[in-house]
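Trainee: Could you take me slowly through one part of this protein, and show me how that part sits within the whole?

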Amino acid sequence: MARRLMLAKQVGAVSYYKGRISSVVGTGTVVPWPRYSSYLDIEPDLAVVVGEIPFGASRRLAAERIAGYTVFCDISARDVQLAEMFGFGPTASKDMDCGNVLGPWLVTPDEIDDVRGLSVEVATDRGRVWRGSTAEYLLDPIDVIVALATRQSLAAGSVIGMGTVPGCCGLDRDEWLDPGERIIITVAGLGALHLSFGVPDGPVESGWESRPNIPTIG
């Protein structure tokens, strides 16, 4: 099944990036800690899976072609991401191995009363608890699909990430996850996505301040 991961960011002409298909993994994954970052972070999203969306699709057709919703977490190397955003866009900061985690279920639209009213909770084995809601999104999924369809068609099976739920990532809170930390992302009605971070196999590179529990090169 073809998948293109897209992240909606702005009202109007929606901007997005396309994630590497081979980095898509499921719940329970251990995400390897890359040697080029000290600040690995999660970005919990509501994800929308669609059937074929033709160029110029109407709101009615977009709504009919929503196959379901799931939990999506794209992993970000924050100390790499900013520089990439001023260049050609996110690459190494987003598309590391196992960097796009989906699951645990695909929930059909008839099972969700209000997709923009779902509570979100992040809990870790280090005692962190972060909370948010899909009510914080500026656009609903149909808006995003229609906006994307003004520029391109979407293949059946495309997965659209609606963007990070505010307050549910380390960057928003200046609270950084550690190597080996286990994470559960729960979205009401969609289930709990489990993942964990691996441990770097040696000193890492970083353009930001060193972290006491992560040895850096140099």
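Mentor: What follows is a close look at helix α3 and the residues around its start, after a short view of the whole chain and before a few other places. Please keep in mind throughout that this is a predicted model, and that each value given here is computed from that model.

Let us begin with the whole, as the helix is easier to place once the frame is clear. The secondary structure of the chain consists of four helices and eleven strands, and the C-alpha atoms occupy a box of roughly 55 × 35 × 30 Å along the principal axes. For 218 residues, a compact globule would be expected to have a radius of gyration near 17 Å, and the chain agrees with that expectation because its own value is 17 Å. Of the 218 residues, 52% count as buried. Among the contacts with a separation of 6 or more, 75% are made by residues 24 or more positions apart. About 10,000 Å² of the chain is exposed, with carbon and sulfur atoms supplying 54% of that area. As for charge, there are 19 positive and 27 negative side chains, and the centres of these two sets lie 4 Å apart.

Now to the helix itself. Helix α3 covers residues 141–149, and it is largely enclosed by the rest of the structure because seven of its nine residues are buried. Those buried residues are Pro141, Ile142, Val144, Ile145, Ala147, Leu148 and Ala149. As you follow that list on the model, it helps to remember that an α-helix has 3.6 residues a turn, so residues three or four places apart point the same way.

At the start of α3, look for aspartate 140, whose side chain has an oxygen that reaches to within 3.0 Å of the backbone nitrogen of isoleucine 142. Aspartate 140 also leads us to arginine 116, since Asp140 is one of the residues that arginine 116 touches, together with Thr134, Ala135, Tyr137, Leu138 and Leu139, when residues up to four places away in sequence are not counted. Arginine 116 itself is found in the loop between β6 and β7, and a polar atom of its side chain lies 2.2 Å from the backbone oxygen of tyrosine 137. With a relative accessibility of 27%, arginine 116 counts as partly exposed, because that class lies between 20% and 50%. To get a sense of distance, compare arginine 116 with glycine 87: the two are 29 residues apart in sequence, and their C-alpha atoms are 33 Å apart in space.

From that loop we can step back along the chain to strand β6, which spans residues 100–107 and contains asparagine 100. Asparagine 100 has a relative accessible area of 0% and is therefore buried, as the limit for that class is under 20%. The side chain of asparagine 100 is joined to that of serine 23 by a polar contact of 2.6 Å. Asparagine 100 and glycine 189 are 89 residues apart in sequence, with their C-alpha atoms 21 Å apart. Proline 104 lies in β6 too, and the peptide bond that leads to proline 104 from glycine 103 is cis, with omega near 0°.

Cysteine 98 belongs to the loop between α2 and β6, and although it is not a glycine, it has a positive phi of about 60°. Its relative accessible area is 21%, so cysteine 98 is partly exposed. Cys98 is also touched by valine 30, along with Ser196, Phe197 and Gly198, again leaving out residues up to four places away in sequence. Valine 30 lies in strand β3, which covers residues 29–31, and its C-alpha atom is separated by 20 Å from that of threonine 91, which is 61 residues away along the chain.

A positive phi also appears at aspartate 174, where the value is near 50° in a residue other than glycine. Aspartate 174 lies in the loop between α4 and β10, and its relative accessible area is 60%, so it is classed as exposed.

To return to your request, the picture to keep is of helix α3, largely enclosed because seven of its nine residues are buried, with the side chain of aspartate 140 reaching towards the backbone nitrogen of isoleucine 142 at its start.

Conventions: Residues numbered from 1 in each chain as written. Predicted model: local features only at pLDDT ≥ 70, side-chain atom pairs only at ≥ 80, totals over all residues. Heavy atoms only, no water. Helix = DSSP H or I, 4+ residues; strand = E, 2+ residues; numbered from the N terminus. Buried < 20%, exposed > 50% of the residue type's maximum accessible area, 1.4 Å probe, protein only. Polar contact = N/O pair within 3.5 Å; in protein donor to acceptor, adjacent residues only side chain to side chain. Rg over C-alpha atoms; globule rule 2.2 N^0.38 Å. Contact = heavy atoms within 4.5 Å. Areas by Shrake-Rupley, 256 points an atom, 1.4 Å probe, with all protein chains shown as cover. Lys, Arg positive; Asp, Glu negative; His and termini not counted. Charge placed at Lys NZ, Arg CZ, Asp CG, Glu CD.
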